[in-house]
Amino acid sequence: MKTLLLTGFEPFDHDVVNPSWEAVRLLEGVELSDDARIVARRLPCAFATAAQTLLGLIEELQPAMVIATGLGPGRSDISIERVAINVNDARIPDNLGAQPIDTAVVEGGPAAYFSTLPIKSMVRTVREAGIAASVSQTAGTFVCNQVFYRLQHALVGTEVRSGFIHVPGLPAFGQPSMELPVLVEGLRLAVSAAWRTRMDIVETGGRVS
């Protein structure tokens, strides 16, 4: 059975939980088809270790698809990321106290990488279930973007499709938010759509600003 690696992050910025991991861990072992199963793993929220941990998991598990997820503070929907940029610009320190500003994720690397997931098909599938979702045009410049960029950089030239999803907070921690069961189902639908869809649909998903 093929492995679909799905990751979330540990808590950061003094939070006690991270909704990305709380949702992802509940999808451990879920089978999306007769030949595909989700394996859930948690990443540290630190520039020095997050991407290296993910790349180590890819080496260990040899997944057929990889989707990393992270908390998007202030977001109200499941945000399927389009692009990772080659910039670290941390507004706050990470969990190891590092705060890189205006540095490259990969020295000499391309300015950006696009997701290789069918992002618009994923958004449509989640929305059809009545769950809020959108295409996001920015993954930020914190550890989430760094992991997304390093993931895409590592898998260039392979057949392994990959990308990143930002999720909203949970209701107990203020608005905007999404109930955990809804978030879990939205992620399951998004991952399922990514697995079964090879050719993405063409429909609007852009922003004016």
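Contact means heavy atoms within 4.5 Å. The model described here is predicted.

## The loop before helix α5

Ser177 sits in the loop that connects β11 (161-167) with α5. Leaving out residues up to four places away in sequence, Ser177 touches Ser76, Pro168, Gly169, Leu170 and Pro171. Is Ser177 buried or exposed? Its relative accessible area is 17%, and buried means under 20%, so Ser177 counts as buried.

Pro176 belongs to the loop between β11 and α5 as well. With a relative accessible area of 29%, Pro176 is partly exposed. Pro176 touches Gly74, Arg75, Ser76 and Gly169, again not counting residues up to four places away in sequence. Gly74 is 102 residues from Pro176 in sequence, yet the two are 5.8 Å apart in space, C-alpha to C-alpha.

## The sheet

Strands of a sheet pair through backbone hydrogen bonds, either parallel or antiparallel. In this model, seven strands make up an open sheet with mixed pairing, and their order is β2-β3-β1-β4-β11-β5-β10. β2 (31-33) and β10 (133-136) are the edge strands, each pairing on one side only. On average, neighbouring strands of this sheet are turned by 25° against each other, direction ignored.

Strand β1 (residues 2-9) pairs with strand β3 (residues 36-43) in the parallel sense over eight bridges. Within this part of the sheet, Lys2 has Ala36 of β3 as its bridge partner. β1 also pairs with strand β4 (residues 65-71), in the parallel sense over four bridges, and here Leu4 stands opposite Met65. Seven of the eight residues of β1 are buried, so this strand is largely enclosed by the rest of the structure.

## Strand β11

Which strands pair with β11? β4 does so in the parallel sense, over seven bridges. Strand β5 (residues 78-81) runs antiparallel to β11 and is joined to it by two bridges. His166 of β11 appears in both pairings: Gly70 stands opposite it, and His166 is also the bridge partner of Ser79. Ile80 stands opposite Ile165 in β11.

In a regular strand the side chains alternate between the two faces of the sheet. In β11, one side holds Arg161, Gly163, Ile165 and Val167, the other holds Ser162, Phe164 and His166, and all of these are buried. Both faces of β11 are therefore covered. Because seven of the seven residues of β11 are buried, the strand is largely enclosed by the rest of the structure.

Helix α3 (residues 119-128) lies across β4, β5, β10 and β11. Its direction is at about 160° to β10.

## The nonpolar cores

In soluble globular proteins, nonpolar side chains tend to be buried together. The largest nonpolar core in this model has 35 residues, and those with the most contacts inside it are Ile67, Ile78, Met122 and Ile165. Helix α5 (residues 180-196) gives the most to this core, with nine residues.

What does Ile165 touch? Not counting residues up to four places away in sequence, its contacts include Ile67, Ile78, Ile80, Met122, Leu187 and Ala190. Gly70 and Ser79 are also among the residues that Ile165 touches.

Another core lies apart from the largest one. This other core has 29 residues, among them Leu57, Ala139, Phe142 and Cys144.

## Helix α2

At 1.5 Å a residue, the 12 residues of helix α2 (residues 50-61) should span 16 Å. The C-alpha atoms at its ends are 17 Å apart, which agrees. After α2 comes Gln62, whose phi is positive, near 50°.

An α-helix has 3.6 residues a turn, so residues three or four places apart point the same way. Which residues of α2 are buried? They are Ala50, Ala51, Leu54, Leu57 and Ile58. These residues cover an arc of only 120° around the axis, which puts them on the same side of α2. On the other side of the helix, Glu59 and Glu60 are exposed. The cover over the buried residues of α2 includes β1, β3, β4 and α4 (143-155).

Definitions and conventions
Residues numbered from 1 in each chain as written. Predicted model: local features only at pLDDT ≥ 70, side-chain atom pairs only at ≥ 80, totals over all residues. Heavy atoms only, no water. Core = buried A, V, L, I, M, F, W, Y, C linked by side-chain atoms within 4.5 Å. Buried < 20%, exposed > 50% of the residue type's maximum accessible area, 1.4 Å probe, protein only. Pairing = 2+ DSSP bridges. Expected span 1.5 Å × (residues − 1). Arc of directions from axis to C-beta. Axes fitted to C-alpha atoms, helices over the stretch in contact; angles between N-to-C directions.
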